[in-house]
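Biologist: Thanks for sitting down with me. Could we go through this model together, starting with how far to trust it?

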Amino acid sequence: MDTEESDRYRAPALDKGLDILELLSTTEEGLSQAEIAKSLDRSPNEIYRMLDRLVRRDYVRRTTGDRYELTLKLFELAHATPPVSRLVSQALPIMRRFAREAEQACHLVIQDRNVLVVVAQVDSPGYWNVSIRVGSRISMVNTGSGHVFLAYATPEERRLVLEDVADARDLPPGFEERLAKVQEQGYESMPSLQVASVTNLTVPILGPVGTVLAVLTSPFTDRLDKHDAPDMQSVLDLLIVAGEEISKRPISGGRD
């Protein structure tokens with residue numbers, strides 16, 4: 001669509017609301033009305049009217065400090081879409097069984113454009129646990145989950161993703177070779193680049209034609225207080241079985 005045609009179908013009010021939502025998604029402590037107006041180069045009156053509608057529709061909340069922040073409504077809407085809802089409902093029983101048998105936590109990740117989003121998480125049954133919150137957005141480049149998605153992508157898909165990912169500008173040496181190894185062996189096992197003493201084990205959830213619908217990751221930690229806990233290789237074996245079982249579930253129909 002060229003510029004002239006795209007201008008013809010502009011919806012300024014919608015663009016304004018989306019600009020506010022996208023801006024607030026990048027802040028942790030919210031923004032004041034004046035800060036939002038300045039960031040978007042809009043008048044305070046324009047921003048006030050739009051914020052009022054977003055607050056009334058529960059996409060944005062006004063805090064006690066007279067600042068604005070996103071609610072979880074957008075996440076809830078995305079999570080309620082049939083493909084994601086079906087994927088999570090089919091995967092959770094298997095994830096719970098894995099966590100019980102492996103004595104490790106696990107989380108399910110989907111790709112949302114060029115970032116990854118955690119859509120389900122199960123704690124380990126013990127007192128100690130390394131986990132990541134549902135709704136967290138994680139990197140495509142420096143995580144095991146991202147490596148599996150990139151490993152199974154076509155060269156063109158991988159190129160497009162890496163062109164739009166900021167931390168892809170400084171890829172480590174041998175990155176392409178590592179992705180080739182991940183696809184060949186069917187999993188990724190790598191030390192976490194975010195948390196010390198954690199090894200991220202990741203397997204793909206595959207659709208009928210071999211595309212990756214999601215990935216299943218377990219942040220493995222050695223148990224020093226429980227010598228009979230499954231070791232890393234045993235946990236990886238259990239994770240591979242779990243990934244294969246989820247892949248066989250009827251979860252891909254809404255994705256096609």
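Biologist: What is the average pLDDT of the protein chain, and where does the pLDDT fall below 50?

Modeller: This is a predicted model, so confidence is a good place to begin. The chain averages a pLDDT of 86, and 90% of the residues score at least 70. A stretch at the end is another matter: it has eight contacts in the model beyond near neighbours in sequence. The pLDDT is below 50 over residues 252-256.

Biologist: Happy with that. How many helices and strands does the protein chain have?

Modeller: The C-alpha atoms fill a box of roughly 65 × 45 × 40 Å along the principal axes. Of the 256 residues in the chain, 40% are buried. The secondary structure comes to 10 helices and eight strands.

Biologist: Among contacts between residues at least 6 apart in sequence, what share joins residues at least 24 apart?

Modeller: A contact here means heavy atoms within 4.5 Å. Taking the pairs at least 6 apart in sequence, the share that joins residues at least 24 apart is 53%.

Biologist: Now the inside. Which element gives the most residues to the largest nonpolar core?

Modeller: In soluble globular proteins, nonpolar side chains tend to be buried together. The largest core here has 28 residues, and those touching the most other members are Met 95, Phe 98, Leu 108, Ile 110, Val 119, Leu 216 and Ile 246. Elements that give two or more residues include strand 3 (106-112), strand 4 (115-122), strand 8 (212-220) and helix 10 (232-248). The most, 10 residues, comes from helix 6.

Biologist: How many residues are in the second, separate core?

Modeller: Val 109, Val 118, Met 140 and Leu 179 are among its members. This second core is separate from the largest one, and its size is 18 residues.

Biologist: Turning to the backbone, is Asp 58, with its positive phi, buried, partly exposed or exposed?

Modeller: Most residues other than glycine have a negative phi. Asp 58 has a phi of about 70° although it is not a glycine, and its place is in the loop between helix 4 (44-56) and strand 1 (60-62). Buried would need under 20% relative accessible area and exposed over 50%. Because its value is 45%, Asp 58 is partly exposed.

Biologist: And Glu 103: buried or exposed?

Modeller: Glu 103 also lies in a loop, the one between helix 6 and strand 3. Its phi is positive too, at about 60°, although Glu 103 is not a glycine. Its relative accessible area is 19%, and therefore Glu 103 counts as buried.

Biologist: Asn 200 is a polar residue I'd like to place. Which strand holds Asn 200?

Modeller: Asn 200 has a relative accessible area of 11%, so it is buried. Leaving aside neighbours within four places in sequence, its contacts are Glu 188, Ser 189, Met 190, Ser 192, Thr 217, Ser 218 and Pro 219. The element that holds Asn 200 is strand 7.

Biologist: One last residue: what separates the C-alpha atoms of Ala 34 and Tyr 48?

Modeller: Ala 34 is found in helix 3 (residues 33-40). Its relative accessibility is 53%, so Ala 34 counts as exposed. Tyr 48 is 14 residues from Ala 34 along the chain, and their C-alpha atoms are separated by 9.3 Å.

Biologist: And how far apart are the mean positions of the positive and negative charges?

Modeller: The protein chain has 30 positive and 39 negative charges. The distance between their mean positions is 6 Å.

How values were computed
Residues numbered from 1 in each chain as written. Predicted model: local features only at pLDDT ≥ 70, side-chain atom pairs only at ≥ 80, totals over all residues. Heavy atoms only, no water. Helix = DSSP H or I, 4+ residues; strand = E, 2+ residues; numbered from the N terminus. Buried < 20%, exposed > 50% of the residue type's maximum accessible area, 1.4 Å probe, protein only. Lys, Arg positive; Asp, Glu negative; His and termini not counted. Charge placed at Lys NZ, Arg CZ, Asp CG, Glu CD. Core = buried A, V, L, I, M, F, W, Y, C linked by side-chain atoms within 4.5 Å. pLDDT = per-residue confidence, 0-100.
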